[in-house]
Structures are given as structure tokens and as C-alpha cells.
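Hi everyone, thanks for coming. I'd like to walk you through one structure today, so please have a look at the screen.

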Amino acid sequence: MGKRRGGRELLRGLMPGRSENSDKSSAESDSETEVEQVSVYRKLLATLKTSPESESEEEEDESELEEPGESETEMDSEGSQDTGEGDGGEEDKNGVPEQEQATDTAEQTLGQEQADGADTSCDPSHGVIEEFTDVKHESEFSLETNFMEEESGDCNADKRDSDSSQASSEDPFKQHMDKELEEKEVEKLSTLPKTSSQSKWPRLGQLTFSSTLETHKTLKADKEVDVKQLHLHKPLESTWPKVNKQFLSSVNKPSDPSFTPLQRELFCIMNAYRDLFYPERSALTNGEEIRHAYCLHALNHVLKANAQVLSNNAKRRDQKPGTDRDDYRDQGLTRPKVLMIVPFRECALRIVHIFISLLEVNDKRKIDVSNKKRFKGEFGSDPEEKPPNLKRPEDYEAVFAGNIDDHFRIGVAILQKSMRLYAPFYSSDIIIASPLGMRTIIGAEGEKKRDFDFLSSIEILIIDQADIYLMQNWEHVLHLMKHINLLPLDSHGVDFSRVRMLNLNNWSKYYRQTLLFSALQDPQINSVFNKHCFNYVGQVAVRNVPLSGSISHVMVQLPHVFRRLEAENLTSVIDTRFQFFIDKVLPEYRDAIMSHTLIYVPSYFDYVRLRNYFKKEQLNFTHICEYTKKAGVCRARRSFLKGEKQFLLFTERFHFYKRYTIKGIRNLIFYELPTYSHFYSEICNMMAATDSSVDATWTCTVLYSKYDAQKLAAVVGIDRTAQMLQSKKNVHLFVTGENE
């Protein structure tokens with residue numbers, strides 16, 4: 001299977017409610033989870049002796065599809081390969097794509113996190129059991145059996161540095177992890193609403209600080225940052241300026257040579273261990289800047305945590321028999337501390353490369369990276385795999401660069417001079433995975449092979465490029481959030497005398513820092529940040545409002561008619577929109593004069609509903625979605641261009657993954673505002689792709705409700721949005737482009 005996947009294999013499991021591993025259940029049983037937690041808690045307390053009770057398609061050649069006017073012979077040959085497909089490339093007769101065999105891919109990748117040297121790692125019969133069992137290098141990478149002097153050549157210097165760092169009351173890591181919450185505070189965190197305040201920072205803009213505990217004050221932006229005052233663990237103090245040099249410019253102040261203005265303000269929040277939501281990540285501009293910043297923070301956290309354990313190992317070894325050993329609580333119930341969720345293997349590849357660069361002090365002091373060749377082979381990409389004649393927008397090329405396989409997970413174990421890739425999860429410090437990779441391990445209720453104990457003690461959760469998961473399957477993200485920081489069902493060999501009380505008390509979620517990066521504001525992403533982040537330090541969200549909107553980038557002369565629909569509540573919007581469309585909008589377009597009408601549908605379920613209605617009403621239409629086969633796409637585009645079909649139903653996901661130019665559009669209907677605001681101008685500008693002298697008849701109609709305020713503001717700007725939401729009438733906007 002090629003590393004650059006397209007079509008069905010790329011989108012496998014992307015339908016909401018579908019997963020590669022199971023379709024048995026789409027929701028978790030909260031009551032059963034609570035019962036499990038209580039029983040395990042009792043088990044943990046019973047184990048403690050010295051402590052009082054307390055408290056993770058084949059390679060696509062799109063050149064055939066670039067022009068819908070290709071030869072009939074080419075079309076016919078494609079059609080013969082996809083027998084049984086109706087006009088427009090139907091997914092199936094009942095409106096749901098046919099069930100694909102997803103287990104093959106899952107079995108092929110199942111062994112990727114198994115222990116080094118296990119020749120049976122790709123044998124599906126070993127399944128999840130082998131995935132979490134270490135069979136080699138355990139002693140080399142074990143935190144419990146190593147000591148500071150063995151882990152570093154200059155034992156005395158490193159030990160002094162470690163002790164000094166741990167003794168420093170100003171170290172944010174120590175401040176955050178050593179804070180002992182009281183039961184009253186935990187009760188407040190779980191029951192009371194958050195109080196918020198506003199602040200404006202030079203680079204990030206408008207920030208909203210929220211917290212339940214009143215003792216925490218609003219952060220102030222650091223105008224300058226001295227690396228030595230950030231409490232970075234060695235060797236990061238010396239390696240970070242070199243690794244980050246590519247993003248720095250001559251305008252950086254001599255006193256702040258290590259961070260860009262954006263990185264400085266982001267890291268100020270990260271290093272304070274507050275939750276962060278940054279919705280202005282761009283793969284084209286600041287994506288790599290942000291990736292480097294959160295990699296620095298994650299690695300700094302892991303190195304400090306491991307150094308603390310190794311140092312305490314030496315102290316316990318030198319301790320006299322019979323003395324109290326309850327003073328060395330320095331770890332969680334399981335070892336993984338950082339979980340990084342990214343959409344594609346290419347992202348994981350870049351993260352690991354950043355880790356390696358940050359750990360290598362100089363060319364002479366290379367770190368030992370095990371399984372590096374295997375990692376490069378499985379996560380790298382071959383430049384020759386990409387067809388050379390494709391033309392796509394720059395943002396598309398940036399997002400889909402490299403290996404775009406979306407089913408993976410890999411454990412990383414780190415000690416200062418060595419890094420182990422493909423470490424078993426229970427021997428890993430960092431887990432890098434896609435939502436689908438996590439979903440197939442966590443499993444669903446009732447499955448025999450499932451495990452989520454390794455997520456019990458996650459201290460930093462990083463979700464990067466969250467907007468892409470809206471195009472994949474957002475349910476996988478929600479499923480992950482339900483299973484993180486739960487008490488484990490098994491002890492996994494942990495030494496309970498070393499476990500922090502916050503973990504034993506099942507208070508891990510109140511200490512977990514969540515870093516959420518997205519390219520846009522979206523209610524579903526906001527919901528995760530607001531409802532699944534419980535950090536006692538508080539949350540920081542960037543809340544800048546768009547001034548102009550993407551409508552300013554429409555280059556064709558086109559009247560835009562925004563039609564507001566009235567819905568009683570959020571749950572009724574879907575049905576209200578459908579009824580509004582078939583009663584008031586569609587009748588205006590049934591006339592043959594309104595041919596060449598493209599209907600843009602963001603939701604796949606709305607698409608299926610409309611398609612079934614169009615079939616029932618025997619309307620002259622064709623349709624394209626993310627599950628339509630290649631031959632069906634060609635036929636649909638050709639018949640729409642020639643006017644053989646009056647309507648074209650077109651899903652947002654198809655546009656996201658393909659970005660084809662649809663020719664022949666004269667009338668546009670946005671059934672709902674697009675998730676990505678720039679898709680609005682892209683679709684509108686497709687009208688100019690067809691040479692026509694009837695451009696005066698072009699129309700664009702947009703349906704919206706008061707619940708679409710964020711999407712509306714991203715398209716028309718905040719001022720127009722305020723005016724439109726105050727009015728119950730249709731709002732007409734006329735945009736004059738270059739063709740005026």
C-alpha cells in the first residue's frame with residue numbers, strides 16, 4: 001500500500017460512527033466506567049502499606065480527473081472497472097457507503113508499537129497483548145532500575161543540576177506537579193463554573209483567561225525571554241536556539257534571540273502549565289513555529305520528570321534500611337506522560353526529528369536512536385510517489401505533504417543520551433498517535449482486545465491541527481477524551497510507594513495540561529476545550545474576531561444572498577434547515593433556466609438526506625462525495641459541465657481531500673456555511689473557470705441561522721454578522737470582483 005493514500009483508503013473510518021476496529025457501539029457507558037473506577041481505587045488503596053488512605057488506496061493518480069472533458073474512451077475504461085456504480089458514483093443503494101474491510105490495515109499496523117526485536121510484531125495473532133509487553137531493552141530504558149550517574153557521563157554535574165532544578169521553587173514543573181490540592185478545591189473544580197477575564201497581548205491578540213480557583217491571576221506577556229530563566233532542562237538551553245534558528249529574523253532583539261514573538265507568548269502560557277486553545281494555526285505560515293514550541297515544552301517536561309525519578313532512585317539506594325520511603329512520590333500509575341495527537345504520519349516524523357535535534361548538543365554528541373531506520377521507512381515518504389502534474393492550492397500542499405496515512409501510533413522512550421522509537425506504551429514517555437490510531441487501541445465497550453490504562457497518568461495532552469479531525473472523524477477525538485486520565489484496570493507492575501497522591505486520588509485530570517491548536521474556531525472544538533479540560537491552573541483561549549471575512553477574496557462579480565432560517569434550538573437546526581431548503585429555496589431552482597446549480601453540503605448526513613429526497617422527487621441531479629469512486633466523479637463532473645444534469649450535490653469533505661475545480665457552475669447554494677471560511681471564496685471563484693458570456697445570471701445563495709455566528713463572521717466579517725443576526729430578513733450582499 002502506498003504511503004500517500006487517497007480516496008477510500010485515506011477516508012476509511014472517517015464517517016461519523018464508523019471505526020476501523022468496531023461498529024458495535026458509538027457511545028461509552030458512563031455508569032460502567034464509574035463502577036470500574038471505584039473498584040480499582042479500592043484495589044490501589046489496599047495495595048498501599050506505607051501511605052494513608054488518600055488520594056493515553058492505493059496511490060492516486062489524479063491527472064485523469066483534472067479535466068472532466070477527457071476522452072470518452074478514457075471514461076468508458078474507468079467505468080468498466082467500477083461496475084454496478086450508478087450515475088455520479090453512488091456509494092450504495094441505501095445512502096450509506098458499503099462497509100469496507102478495515103481490519104487488514106489495523107492488523108498491519110498493530111505490531112508497530114511492539115517491543116524491539118520481536119519478529120512476531122506483525123503477526124495479528126499477537127494483537128494488543130504483545131503491543132503492551134516489553135520483551136527487550138527493559139533494563140536499559142527502565143526508569144526504576146537506572147540512576148542519574150548511569151544516565152549521564154558527568155554524574156556529579158548532572159546530579160547537581162538536577163538537585164538544583166528540583167530545589168528551585170520557581171521551576172514551573174515543580175510548582176505545578178508538587179501542588180497539593182485540597183478536597184474543597186477539587187469539589188470547586190468539578191462543580192463551580194469558571195470565572196473569566198480578558199486581556200490583549202501584542203502577538204496573540206485577544207485572550208480569555210478562565211479559572212475556577214480564584215487564587216490564579218491573569219498572566220502577562222513577556223516582552224523579552226531569557227532562556228536561562230525558563231528553567232529548561234539540559235541540554236535544551238543550548239540546543240533550542242540552534243534548532244529554532246530557522247524561524248528567527250534579524251528583527252529579534254539581542255536579549256531575546258531564541259523565540260519568535262508568537263513562540264514567546266505561546267511558550268509563556270505553556271510553561272505556566274495552563275491549558276491553551278490557539279485557533280489560528282496555519283500550515284502555510286506558523287505551523288512549524290508552533291510545532292517546535294510545543295515539542296520544546298513536551299520534551300522539557302519529560303526530561304525533568306525522568307531526572308526526578310532517576311535522582312530519587314539514587315537517594316533510595318543510598319538510604320539506610322528502615323527509614324521512611326514515602327518521600328519519593330515522583331511518578332504516575334503508568335509511565336506515559338505526554339500524548340501528542342496529530343493527523344498524519346508526516347507530522348509524527350517531524351516531531352521525532354525535532355526531539356532528536358533538541359537532544360543532540362553538537363555533532364560529536366549524537367544521541368542513540370533505536371529503530372530509526374524502521375521509523376524512517378514507515379513514517380517517511382517517497383517524493384516520486386506524488387504525481388508531478390497536480391495543481392493544488394498552497395494550503396492543500398502544506399497540509400497533505402509527505403506520508404498522509406492517518407492510522408498510526410508510536411511510543412517514544414527518552415533518556416538524555418538515548419531515545420527508543422517503537423517503545424511499548426507502558427515503557428514510553430511520549431505517545432504520538434492519530435485519533436484513528438488511538439480509537440483502534442482504546443476499542444469499544446464489549447470488545448475483548450482493548451486497553452486505555454496507558455492514558456491514566458497523561459500530564460500533557462497536545463492536540464495539533466484539530467480542524468482536520470472534523471474532516472476525518474470527530475467521534476474519535478471525543479472517544480479519546482472519555483478515556484483519558486481514568487484509573488487503570490490493572491497495576492502494570494507499578495511501585496505504589498512512588499506514585500503521586502494526585503494519581504492515587506484519581507485527580508490526574510485536574511493536573512493535566514491540554515494544548516489545542518486549530519486553524520479555525522468551531523463549536524465542536526470549543527466544546528472539547530470547555531468541557532474536557534479541568535486544569536486547576538486555568539485555561540487560556542485566543543478569541544480574535546475576523547474583521548473582513550473570506551468574502552473579500554471572491555474575485556467574480558456575483559450577488560450573494562444570505563437567507564436566514566429560524567430554529568428554536570440547536571438540536572432542531574438540522575431539520576429546520578432541510579425543511580427551509582425544500583420549501584423555500586429549492587422551488588426557485590426547479591425551473592430549467594436555473595441549470596448548472598451546485599449545492600455545497602458540509603455534513604455527510606445532510607448530503608445523504610438531500611440525495612434521497614432528490615431521488616424521491618426524481619430531480620435531474622448528480623452527486624459527488626468523499627466515497628464516490630474515481631469513475632463516478634469523472635461522470636458527474638462531465639454531465640454537470642455539459643448541462644445534462646441540472647443539480648450537483650457536492651460534499652465539503654470531497655473538496656477538502658481533492659480540491660478539484662468544478663466547471664460549469666452558474667448557480668451556487670451553500671446548504672450550510674463551510675467549515676473552512678476560505679472554501680467559500682474558492683467555490684465562488686470556480687465560476688470563473690468556465691468561459692461564458694452569461695456571467696450576469698450567476699447567483700449565490702447561503703443558508704444560515706443564529707447558531708452559525710462563528711462561521712458567518714469568518715465569511716462576511718464581524719460587523720456584517722452583527723447586522724445580519726439582528727435582522728430577521730434576508731440579507732443581500734453584492735461583491736464586485738475584478739470583472740466589474
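Let's begin with a charged pair: Asp 405 and Arg 345 meet through their side chains in a salt bridge, at 2.7 Å from N to O. The two partners come from distant parts of the chain, 60 residues apart. Asp 405 sits in the loop between helix 16 (394-399) and strand 6 (409-415), while Arg 345 belongs to helix 14 (residues 345-359). Both Asp 405 and Arg 345 are buried. Please keep in mind throughout that this is a predicted model.

There is a second pair to show you. Asp 429 and Lys 337 form a salt bridge at 2.8 Å, N to O. Asp 429 lies in the loop between strand 7 (418-421) and strand 8, and Lys 337 in the loop between helix 13 and strand 4, so this salt bridge ties together parts that are 92 residues apart in sequence. Here too, Asp 429 and Lys 337 are buried.

The third pair is Arg 316 with Asp 495, whose closest N and O atoms are 3.6 Å apart. Arg 316 is in helix 13 (residues 287-318), and Asp 495 is in the loop between helix 19 (474-483) and helix 20 (501-504), which puts the partners 179 residues apart. Buried or exposed, what is Arg 316? With a relative accessible area of 11%, Arg 316 is buried, because the cut-off for that is under 20%. Asp 495, at 31%, is partly exposed.

Beyond pairs, there is also a network of salt bridges, linking Glu 288, Arg 291, Glu 346 and Arg 350. The total for the structure comes to 24 salt bridges.

Now for the sheet. What is the order of its strands? This is an open sheet of 11 strands with mixed pairing, and the order reads 1-2-11-3-10-9-4-8-6-7-5. At the edges are strand 1 (195-201) and strand 5 (368-370), each of which pairs on one side only. On average, neighbouring strands are turned by 15° against each other, ignoring direction.

Let me zoom in on strand 8, which shows the mixed pairing nicely. On one hand, strand 4 (residues 338-341) is joined to strand 8 (residues 430-433) by 4 bridges, and these two run parallel. Across that pairing, Val 338 stands opposite Ile 430, and Met 340 stands opposite Ile 432. On the other hand, strand 6 is joined to strand 8 by 4 bridges as well, but here the strands run antiparallel. In that pairing, Gly 411 stands opposite Ile 431.

And which way do the side chains of strand 8 point? Ile 430 and Ile 432 point one way, Ile 431 and Ala 433 the other way, and all are buried.

Ile 432 turns up again in the nonpolar core. The largest core has 151 residues, and Ile 432 is among those with the most contacts inside it, together with Tyr 294, Met 419, Met 438 and Phe 562. Apart from this core lies another, of 26 residues, including Leu 565, Tyr 613, Phe 614 and Leu 649.

Let's go back to the strand pairing for a moment and then see what packs on the sheet. Strand 4 and strand 8, as I said, run parallel. Helix 12 (residues 261-271) packs on the sheet, touching strand 1, strand 2 (205-211), strand 3 (275-278), strand 10 (513-517) and strand 11 (539-542). The direction of helix 12 makes about 150° with that of strand 3. Helix 21 (residues 523-531) packs on the sheet too, touching strand 3, strand 10 and strand 11, and its direction makes about 170° with that of strand 3.

How many residues of helix 12 are buried? It's 10 of its 11, so to speak a mostly covered helix. The buried ones include Leu 262, Arg 264, Phe 267 and Cys 268. Just after helix 12, Tyr 273 takes a positive phi of about 60°.

That brings me to the cysteines, my last stop. The structure holds 0 disulfides. Cys 268 is buried, with a relative accessible area of 12%. As for Cys 700, why is there no bond to Cys 684? The sulfur of Cys 684 is the closest cysteine sulfur to that of Cys 700, but the two are 4.2 Å apart, which is too far for a bond. Cys 700 counts as buried, at 1% relative accessibility.

Thanks for listening!

Notes
Residues numbered from 1 in each chain as written. Predicted model: local features only at pLDDT ≥ 70, side-chain atom pairs only at ≥ 80, totals over all residues. Heavy atoms only, no water. Pairing = 2+ DSSP bridges. Axes fitted to C-alpha atoms, helices over the stretch in contact; angles between N-to-C directions. Contact = heavy atoms within 4.5 Å. Buried < 20%, exposed > 50% of the residue type's maximum accessible area, 1.4 Å probe, protein only. Salt bridge = Lys/Arg side-chain N within 4 Å of Asp/Glu carboxyl O. Core = buried A, V, L, I, M, F, W, Y, C linked by side-chain atoms within 4.5 Å. Disulfide = S-S within 2.5 Å.
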